[in-house]
Every structure is written in C-alpha cells, then in structure tokens.
Amino acid sequence: LAETGAAAAAARPLRRAKGVPPPLGVLMVAALLMAALGADAAPAPLKPVAAKASSVHEKYDARLAIDGVISDASRWVSVAASGPAWLEVQLAATSKLAGVHLHTGYGEADAIRAGRLQFWQGGQWRDIPSAAFANNDATAIALPFDDAVEVLTDRLRLLVTEGHEDR
C-alpha cells in the first residue's frame, strides 16, 4: 500500500491533471490503506491482493484503489447510481485489522460524505461500528477500529451511502 504519515501527504499529488475528466456525480477512492496488528500489537501496513466494485467508470477500475498510488489519475470511480456504491478489498490472508486510511475525492474536494466499512465473517458482511462516518468533508480520513468488534478477516468492503454530489 501507499506510504502513510508525512511522507504520504507530501507525495500525494491530488491536483486535477490535464486530460483527466472532472467528477460526474460518481464516487472516487484514491487509496485504501490498512493496518494489521501483529503478535506484538504494533500496526503494520498490509498490501491488498485484489479489489472489485459495484461499478466502475471508464478507466478508473477498482484495482486502482489498491495500487499504492494516491492521485487523481490512479483511483477507483463508480458510475452514478441511485443506491449505495461499494468497493471490496481482498487481502492475501486472514488478518486482525487495526484500521484504515481512506483517500477520496478529486483534488482537494469532492470527498465521500458518508459511509461505513464492513468486514467478511461467517459468510456475511458485518459493520465495523467505529468505522462509520457522516457529514465528512475531508479527502483523507483515518478510521481506527476500536474493541467493539474484533476485525479478523481477509476481506473489507467500503459501503458509500452518500457521495459528494448528495450535499
């Protein structure tokens, strides 16, 4: 996954590039950064191995959300729809997850307004209570997981319930 912290912020070129279309009432995710808890409980970055989505807009495939690049040119974009959009991320192995850094929007604007993270357990999607957000305007947000539920999984899903165009 992409770097975290100050190095990631400095390397994050989120300005609108020539030839990149403007948002068309769609969801945009530049990157999902996940951390797992090891045996010593120190978070370490994870590298997802696959991604799929409810829909994709032209050249902005779901796999771009996990390529480690945080930019307008390398992101997942969904098509406009009446229902929630989702992005599912597959990990190489089952891991205990500590949280996610989510980068959304176009440039410094158009952040996902509301959504929640879910994890796959027992053949169904379960909400992560501490990873729900609403009234969001930030294009980069950290969603640490609390102890309400142990997130032990090989799959995560971002369920977007309100995009930037829903203001």
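The following paragraphs describe strand pairing, side-chain burial and salt bridges in a predicted model. Residues are numbered from 1 along each chain as its sequence is written, and side-chain values use heavy atoms, with hydrogens and water left out. Because the model is predicted, local features need pLDDT of at least 70 and side-chain atom pairs count only at pLDDT 80 or more, whereas totals for chains, interfaces and linings use all residues.

The account begins with the strands β6 and β7. Strands here are DSSP runs of E with at least two residues, numbered from the N terminus, and two of them pair if DSSP finds at least two bridges between them. Strand β6 covers residues 114-121 and strand β7 residues 124-133; six bridges pair them in the antiparallel sense. One position in this pairing is G115, which stands opposite F133 in β7. The two strands form a hairpin with two residues between them, and in the turn G122 has a positive phi of about 60°.

A salt bridge (a side-chain nitrogen of Lys or Arg within 4 Å of a carboxyl oxygen of Asp or Glu) also links these strands: the side chains of R116 and D127 meet at 3.1 Å, N to O. R116 lies in β6 and D127 in β7, so the pair ties together parts that are eleven residues apart in sequence. For accessibility, buried means under 20% relative accessible area, exposed over 50%, and partly exposed in between (1.4 Å probe, protein chains only). R116 is partly exposed at 27%, and D127 is likewise partly exposed, at 40%.

Strand β8 comes next. Strand β5 (residues 85-104) and β8 run antiparallel and are joined by five bridges; within them, V100 has L143 as its bridge partner in β8. The side chains of β8 (residues 140-144) alternate: I141 and L143 point to one face and are buried, while A140, A142 and P144 point to the other and are not.

The loops contribute a further contact. D137 and R113 form a salt bridge through their side chains, at 2.7 Å, N to O. D137 lies in the loop between β7 and β8 and R113 in the loop between β5 and β6, so this pair ties together parts that are 24 residues apart in sequence. R113 is buried, with a relative accessible area of 12%.

Across the whole structure, a search finds seven salt bridges. Among them is that between the side chains of R155 and D154, at 3.9 Å, N to O. Salt bridges that share partners join E88, D154 and R155 into one network. D154 is partly exposed, with a relative accessible area of 23%.

Methods: Helices (H or I, at least four residues) and strands (E, at least two) are DSSP runs, numbered from the N terminus.
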